[in-house]
Amino acid sequence: PVVPRRGGQCTAPGGDPVKSKELQADLKAPELRRMFAMCEELRTSSVHYGVPKKPLNPENIPYSKFPTFAVKEMLRNKVGNTSEMYAAVNGFLADEAHKERWRIITETLFNQTLDRDKLPSIGSRSGREIHHMVTNDSLGMIFDFSCYYSSISLGDDNKNCYVIRTKQPVEWEGKMHSYFVLDALSTGSAISSHVGVLHTLGVLEPLLRIKDLHINTQIDDVLISSNCPKTFVKGVKLFLERCEKFGFTVKKREQYPTTDEGILKEGKKWSEGPSKFLGVMYEGPTVFNSEKSVDKLKEAWEVLQQAARDKSVKRTRRNLASIMSLGAWMCYNLGIPLYLHQPVLSLFSQLEGMAGSWDDEINIDGSIVERLRPMMEKLVANKPVVPFKPALPSQANSDYDILIQVDACLTGGGAVVWVNDKMFEVQEGWKQNIKHSAWPEPIAATNMVR
């Protein structure tokens with residue numbers, strides 16, 4: 001049996017998939033067309049996907065965590081043959097908080113076999129660039145695509161590569177089945193973010209060429225902003241027209257205004273704030289962390305302090321790393337340099353160097369709490385800040401008095417150093433044991449600067 005499109009939201013109605021071929025034919029930019037074509041091949045053809053050449057024995061496919069009711073809820077009135085299975089979706093359902101739906105979470109075996117060099121490079125503006133841009137625009141509006149990945153269909157060659165195997169057989173149309181095939185892109189696939197970004201950019205392509213219109217995206221989230229009322233209205237209308245033309249469903253579409261006056265009114269309201277985009281709050285010229293992020297940090301911080309006082313409260317390395325990771329991201333949003341919290345960076349380095357599993361229990365003592373306290377207190381206060389535009393470093397060698405080019409490996413490091421017009425070569429072997437392949441370059445760079 002075939003799991004339906006939009007299966008990522010079991011309670012959502014069915015619908016037509018995104019018109020990928022029509023969108024690809026509409027693209028003007030050569031680079032975008034090339035990248036889009038590459039992702040289409042990866043999405044629709046197992047030949048280009050890098051999957052194993054031989055099908056898996058169905059008995060070797062790992063069981064998914066889909067309960068029977070969820071599989072039945074997703075099934076379409078269509079049966080397919082699953083005799084050749086190249087990879088499996090080991091999936092489970094996550095109940096989204098405050099939303100009456102389930103989201104499919106998957107980790108496919110494709111991710112182990114995909115040739116990542118074939119993936120096109122994707123990127124976006126830095127968070128601080130977005131903060132500065134949005135707070136300096138007087139009009140803004142955000143959009144979120146509905147059932148995004150589930151409406152981007154897979155090619156027939158690849159459908160047998162997305163197979164769900166249930167622990168208990170599921171009755172469907174009078175027969176019992178244990179294997180089910182997805183017919184739409186899975187969020188667990190290694191190419192899902194690349195495909196998602198390129199589909200979004202395809203819809204936005206003509207908007208990107210409109211002067212004084214600012215576009216910021218992250219996969220299926222889109223923010224359109226500007227200081228020019230005429231330009232802003234043109235951009236919003238064009239975006240919604242292209243969504244309808246190519247089959248992209250925007251959440252709460254009926255709530256978006258259609259008149260010029262309505263678009264400008266909502267655009268001004270969003271810009272004045274408080275408004276949220278990608279976990280960051282915007283209000284006038286300031287930014288601050290969302291209440292959800294602050295509450296999450298508060299809860300983790302309180303449990304950590306409790307663990308230091310009461311040894312019956314258990315914490316793992318992962319728990320401790322998570323609170324530091326969340327704190328680092330929230331510091332970034334507020335423009336707080338991490339070098340001001342060196343004890344936290346040192347603690348994370350120690351945590352990373354420990355032997356064993358990240359889920360091993362760890363002793364939380366007072367010293368750990370005190371090292372984290374200055375950062376936690378700043379973030380819990382969540383004082384709004386006016387973002388600054390980060391200055392990009394110059395690419396011209398003549399703008400620098402000293403240049404250092406570093407290379408390193410697990411046994412040692414070296415550098416070519418230019419001091420004004422003089423060049424020096426430096427080499428050194430490591431005295432300590434380097435535990436991870438990502439460490440040599442940063443260590444060598446630090447040593448060369450010293």
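Colleague: What makes aspartate 360 count as partly exposed?
Modeller: Its relative accessible area is 33%. Buried means under 20%, exposed means over 50%, and partly exposed is what lies in between, with a 1.4 Å probe and protein chains only as cover. The value for aspartate 360 falls in between, so partly exposed is the right label. Before we go on, please note that this is a predicted model, where local features need pLDDT of at least 70, side-chain atom pairs count only at pLDDT 80 or more, and totals for chains, interfaces and linings use all residues. Residues are numbered from 1 along each chain as its sequence is written, and side-chain values use heavy atoms, leaving out hydrogens and water.

Colleague: Where does aspartate 360 sit in the chain?
Modeller: Aspartate 360 is in the loop between helix 13 and strand 13. Helices (H or I, at least four residues) and strands (E, at least two) are DSSP runs, numbered from the N terminus. The C-alpha atom of aspartate 360 is 8.4 Å from that of arginine 315, although 45 residues separate the two along the chain.

Colleague: Why is the pair glutamate 40 and arginine 43 called a salt bridge?
Modeller: The term asks for a side-chain nitrogen of Lys or Arg within 4 Å of a carboxyl oxygen of Asp or Glu. Here the N to O distance is 2.8 Å, so the pair qualifies. Side chains of opposite charge can pair when their charged atoms come close. The structure holds ten salt bridges.

Colleague: Where do those two residues lie, and are they buried or exposed?
Modeller: Both are in helix 2 (residues 30–44), three residues apart, which is about one turn of the helix. Glutamate 40 has 10% relative accessibility and arginine 43 has 4%. Both values are under the cut-off for buried, so both residues get that label.

Colleague: How do you know that aspartate 359 and arginine 318 tie together parts that are apart in sequence?
Modeller: Their side chains meet in a salt bridge with an N to O distance of 2.7 Å. Aspartate 359 lies in the loop between helix 13 (342–352) and strand 13 (361–362), while arginine 318 belongs to helix 12 (residues 317–333), so the pair ties together parts 41 residues apart in sequence. Aspartate 359, at 46% relative accessibility, counts as partly exposed, and so does arginine 318, at 41%.

Colleague: What makes glutamate 370 and arginine 373 a salt bridge?
Modeller: Their N to O distance is 3.0 Å, which is within the limit, so the name fits. Both residues lie in helix 14 (residues 366–381), three residues apart, about one turn of the helix. Glutamate 370 is partly exposed at 46%, and arginine 373 is partly exposed at 25%. Elsewhere, Asp26, Arg242 and Lys245 are joined into one network by salt bridges that share partners.

Colleague: How do you know that threonine 286 is buried?
Modeller: Its relative accessible area is 17%, under the cut-off, so it counts as buried. Threonine 286 belongs to strand 11 (residues 286–289). A polar atom of its side chain lies 2.8 Å from the backbone oxygen of glutamate 283.

Colleague: What is notable about the phi of aspartate 212?
Modeller: It is near 70 degrees, a positive value in a residue other than glycine. Most residues other than glycine have a negative phi, and most peptide bonds are trans. Aspartate 212 is in the loop between helix 8 (192–208) and strand 7 (213–218), and it is partly exposed, with 45% relative accessible area. Asparagine 382 also has a positive phi, about 50 degrees, and is not a glycine. At 14% relative accessibility, asparagine 382 counts as buried, and its place is the loop between helix 14 and strand 14 (402–408).

Colleague: What kind of peptide bond joins glycine 273 and proline 274?
Modeller: That bond is cis, with omega about 0 degrees. Proline 274 is in the loop between helix 10 (260–272) and strand 9 (275–277).

Colleague: One last one: why is glutamate 129 called partly exposed?
Modeller: Its relative accessibility is 25%, which is in between the two cut-offs, so that name applies. Glutamate 129 is in helix 6 (residues 127–135). Its C-alpha atom is 6.0 Å from that of lysine 389, with the two residues 260 residues apart along the chain.

Methods:
A polar contact is a pair of N or O atoms within 3.5 Å; within protein, one must be able to donate a hydrogen and the other to accept it, and residues adjacent in sequence count only if both atoms are side-chain atoms.
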